[in-house]
Amino acid sequence: MGRVLEIAGLRKEFGGLVAVDDLGFAVDEGQLVGLIGPNGAGKTTVFNLVTGHLRPTAGEVRFRGQRVTGLPPWEIVQRGLARTFQSTVLFGESSVLENVLRGCALRAPAGRVAGFLGSRREEGMRTHAHELLSFVELEAVQDERARNLPYGHQRALGVAIALASRPQVLMLDEPVAGMNPEETQRMAALIRRVNAAGTSIVVVEHDMSFVMQLCRHIVVMNHGRKIAEGAPEAVRTNEAVVVAYLGVDDDAVA
Amino acid sequence: MPKPERASGGRGWVTPAAWAVVIGAAFALPSLFASAFWLYLFDVILINGVMALGLNIILKTGQVSMAHAGFMAIGAYTCAQLIVKLGVPFLAAFALGGAAAALSALVLGRIILRLRGVYFLLFTFSLNEFLFLLSKNVTVLTGGNTGVMGIPPPSLPLVGALRSKAAFYYFALTVLVLASGLVAALYRSPFGRAMDAVRESELLATAVGYNPMRVKVVAFGVGCGLAGLGGGLFASFLGYIAPFNFTFWESVNFLLMNIVGGASFPAGAVIGAVIITPLPELLRAYVVWQQVLYGFLLMLLMRFLPDGLASLLAAPARALLARLRAAAPAPGVDSGRRAGEKA
């Protein structure tokens, strides 16, 4: 079991504010890792640093042994590290199927000229897109406009778009934010299925109980630093974690 | 533009055949209208069609350019001066005009396409003004306010000079048909999908592996290249160009053509050119009210057809094609049946 993602000494400053400070953790092949912490802990910043949407002030991100720090986001996706978004970010005016097809577009190794002329690849992409839609249970609504879907379906579509590039690691940014309990359970089941199919996953969440039931390995952040790491049982009883969460009562309830 | 269905059982030729009928009718048009006024109008429509089509490519990536007339000017002046001053053959000068516009767009695009929404619009507006002032003041290259005079009509190898308005019509129509073919192919290619992705969400386009900046720069380059070609057509059609042919108001007109015709369809740009170009001419009988009527008509169109006339025509066109396809004999099935009957 090899390391697919390694983060070491990661630091991000916004002006005088240190949002992420000397953060390090690693993800093994096939692992399902949770990154949690109260609001403002710096989780989303870490997420954006790893996926290339922000440049770190210092530190390093290695993906499959190669340094990807500071690469633009599209190159990081091309290497096999895909992401979803915290809010629903979709191609809202287009059909559900077309949304997934655009996610597949990366698998276009046929060269630009051939890609420009040929439509053979299009058939392969359509097959793959239909497989993905049945995987996330959206094939029944494939012709709907994406923005007309109910919230839970939109988030599932977000996962399907990210999976379309056939990533080795999938990073999910607050996948159950704003979901009702039923939608949350569906998303949890979907994440497990994706993981079981061989994709390593990093879930960034502040809903502690959701991550506890889902992940076998958890990294806890507060004030930009890692305060604990390990199995759910160990993390739950960790004093620093209890203080971090219970000290800010609203977050523990949320 | 309807997409050809793969599962149409050997009837895939119906859509191309329908286009062939449309194009054939367009080629027959000059023989039905002998009056110089109508021929002049048709020629201008075709030039505007090329221009609007170019802008359509830029709009497809979600950027609204107000500098389209400026890039038209680059193509027009390049083409005209190469012919008048250096005696370059028309086709080469025409192509170089398009290339000059495309190249300027690729260089400028790298900088200005970082702007989005109204900021890009305002910047391209001032870019158009800048190019306008440049054409007025850099007299060595542009002839200043007097412009470039004595531009000969287009002259093609084997065919010779296209002196009549009808001859020009056939040439301009060929250019428009080829340009439409190019744009249709571009929109159906993976790059077309990339343009749609960038227009709808740059953030998500980035996350699925597109480089939005590159997509926008290439689209801007191709779109402005078509504007340059349109400029070359325009220069050799009028025989005379001056700065006032390429003001910001012309850019507004090319945008209006896309809006009225339907910016989300490539055919919409051409339909828009067909409608917008003759409007001022047709309203000329009411000189005092010309501008008012023009504005009123545009307001009505935008209120009741926000997606343009192409959206109105798309459904009937598709239905007609489906009916034709159903009625058309599928070659394989049909010949088999006939062979059976004979036996």
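Q: How far apart are the C-alpha centres of domain 1 and domain 2 of chain A?
A: The two C-alpha centres lie 26 Å apart. Domain 1 of chain A is 1–80 + 167–254, and domain 2 is 91–166. These bounds come from an automatic or database domain assignment. The model is predicted: local features need pLDDT of at least 70, side-chain atom pairs count only at pLDDT 80 or more, and totals for chains, interfaces and linings use all residues. Residues are numbered from 1 along each chain as its sequence is written, while chains are lettered from A and ligands numbered from 1 in the order in which they are written.

Q: What makes up the contact between domain 1 and domain 2 of chain A?
A: Domain 1 gives 12 residues and domain 2 gives 11 residues. Two residues count as in contact if their C-beta atoms, placed from the backbone, lie within 7 Å. On the domain 1 side, α2 (73–79) and α7 (181–196) of chain A each supply at least two residues. The largest share of that side, 5 residues, comes from α7(A). Such helices are DSSP runs of H or I with at least four residues, strands are runs of E with at least two, and both are numbered from the N terminus.

Q: How is the domain 1 side of that contact in chain A divided by class?
A: The domain 1 side has 8 nonpolar, 2 polar and 2 charged residues. Ala, Val, Leu, Ile, Met, Phe, Trp, Tyr, Cys and Pro count as nonpolar; Asp, Glu, Lys and Arg are charged; the others, Gly among them, are polar.

Q: Why is A269(B) called buried?
A: A residue is buried if 20 or more other C-beta atoms lie within 10 Å of its own, exposed if 12 or fewer, and partly exposed in between, with C-beta atoms placed from the backbone. A269(B) has 31 such atoms, so it is buried. A269(B) lies in helix α12 of chain B. Among the residues that A269(B) touches, leaving out those up to four places away in sequence, are A52(B), L53(B), M257(B) and G261(B).

Q: How do you know whether α12(B) is mostly covered or not?
A: Count its buried residues: 9 of the 11 in α12 (residues 266–276) of chain B are buried, so by the burial cut-off α12(B) is mostly covered. The cover on these residues includes α2 (36–60), α7 (165–188) and α15 (309–327) of chain B.

Q: Is A184(B) buried, exposed or in between, and why?
A: A184(B) has 15 other C-beta atoms within 10 Å, so it is partly exposed. A184(B) is found in helix α7 of chain B. The C-alpha atoms of A184(B) and P266(B) are separated by 7.2 Å, although the two residues are 82 apart along the chain.

Q: What is noted about phi at E174(A) and E137(A)?
A: E174(A) has a positive phi near 45 degrees, and E137(A) has a positive phi of about 60 degrees. Neither residue is a glycine. E174(A) lies in the loop between β7 (169–173) and α7 of chain A. E137(A) lies in the loop between α5 (120–135) and α6 (151–163) of chain A. E174(A) is buried, with 21 other C-beta atoms within 10 Å. E137(A) is partly exposed, with 15.

Q: What makes the largest nonpolar core a core?
A: A nonpolar core is a set of buried Ala, Val, Leu, Ile, Met, Phe, Trp, Tyr and Cys residues joined through C-beta atoms within 7 Å. The largest such set has 163 residues, and V100(A) and V50(B) are among those with the most contacts inside it. Helix α10 (residues 212–238) of chain B gives the largest share, 13 residues. Domains 1 and 2 of chain A both give residues to this core, so it lies between them.

Q: Which residues does V50(B) touch, not counting those up to four places away in sequence?
A: V50(B) touches V175(B), L176(B), A179(B), L226(B), L229(B), G230(B) and L233(B).

Q: How many residues does each chain give to the contact of chain B with chain A?
A: Chain B gives 17 residues and chain A gives 22 residues. The largest share of the chain B side, 7 residues, comes from α8(B). By class, the chain B side has 9 nonpolar, 5 polar and 3 charged residues. α8(B) is mostly covered, with 9 of its 11 residues buried.
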